[in-house]
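Work through the following exercises on charged side-chain pairs. Each task is followed by a solution in steps.

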Amino acid sequence: MPANRMNRDQFYTAMAPNDDARLRKILWTVYWRGNAQIRERIEDELRSPEQPTVKPEKELPDPDTVLDEVTTFVKLAKDGAYMAGDRRVHHTERSKWRLTFRRLAGDAVAALQADDPGPAQQAIAEMVDLACEMKSYDCFHPDDPVEAARFVVSDAVAVLGESVLRQDGVPAVARRVPEQLIGWEADYGWTRRGDGQVPEKETALAVPLARLLTTPDMWRTFAESYLDALDAARAAGQAHRIP
């Protein structure tokens with residue numbers, strides 16, 4: 001069925017009797033009552049050629065929502081729900097786990113820009129924990145799930161550390177990062193085979209750490225906390241990786 005609208009000649013004929021004030025009123029009514037797409041189109045047409053187009057800022061993901069989604073995803077993955085006939089995960093979702101993993105990781109990083117990034121920081125930590133477990137345990141079907149997810153652990157740890165330093169300062173980095181560093185570091189990276197796109201981007205976790213600690217006092221504070229965390233890990237029999 002043809003669209004019920006005027007052609008150009010009919011439109012120009014209908015507009016001809018209206019003066020500038022009337023035309024501005026008509027345009028304002030369309031702008032005010034139209035949807036976001038119409039408003040953006042009118043704003044683009046009204047903008048002078050010298051004025052650059054300003055794209056609206058994308059709304060940040062809600063950190064609490066991201067953390068809830070990540071926690072659920074990680075628990076299901078560690079429970080083996082993505083491996084077989086677990087009714088908690090639909091069979092189509094099992095084949096799309098990579099997309100879910102990447103989306104959640106991206107949302108967690110984006111949510112670090114929120115006023116309260118704490119939940120987003122926890123979400124990233126949970127994703128890194130899962131990636132470390134994926135190296136040895138079959139949470140998903142691919143034989144190298146970290147490579148399949150395109151998840152670079154050292155990049156995630158870097159943005160996490162930067163967020164903690166920016167939000168809470170050196171004491172928080174010294175309090176939280178050493179234990180994470182001991183638990184997450186891997187001598188030969190986090191993929192199973194060590195080839196592909198992801199290993200080429202990986203670095204030892206000491207590399208992003210060095211970018212955070214820029215003064216001798218920062219290094220001294222962190223080193224003291226790291227040694228304490230290392231002693232605690234050894235006492236618990238957990239220090240199997242020492243960066």
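Helices are DSSP runs of H or I with at least four residues, numbered from the N terminus. The model is predicted.

**Exercise 1.** Find how D107 and R103 are placed relative to each other in helix α6, and classify their exposure.

Step 1. The side chains of D107 and R103 form a salt bridge, with an N to O distance of 3.5 Å; this satisfies the cut-off of within 4 Å.
Step 2. Both lie in helix α6 (residues 97-110), and because they are four residues apart, about one helical turn separates them.
Step 3. D107 has a relative accessible area of 22% and is therefore partly exposed. R103, at 39%, is also partly exposed.

**Exercise 2.** Which parts of the chain does the pair E133 and K78 link?

Step 1. The closest N and O atoms of E133 and K78 are 3.7 Å apart, and the two residues form a salt bridge.
Step 2. E133 belongs to helix α7 (residues 118-134) and K78 to helix α4 (residues 63-78). The pair is 55 residues apart and links distant parts of the chain.
Step 3. E133 has a relative accessible area of 25%, so it is partly exposed. K78 is partly exposed as well, at 38%.

**Exercise 3.** Describe the salt bridge between R88 and D79 and the exposure of each partner.

Step 1. R88 and D79 form a salt bridge, their closest N and O atoms being 3.3 Å apart.
Step 2. The relative accessible area is 45% for R88, which is partly exposed. D79 is partly exposed at 41%.

**Exercise 4.** How many salt bridges does the model hold?

Counting pairs within 4 Å gives 11 salt bridges.

Key: Residues numbered from 1 in each chain as written. Predicted model: local features only at pLDDT ≥ 70, side-chain atom pairs only at ≥ 80, totals over all residues. Heavy atoms only, no water. Helix = DSSP H or I, 4+ residues; strand = E, 2+ residues; numbered from the N terminus. Buried < 20%, exposed > 50% of the residue type's maximum accessible area, 1.4 Å probe, protein only.
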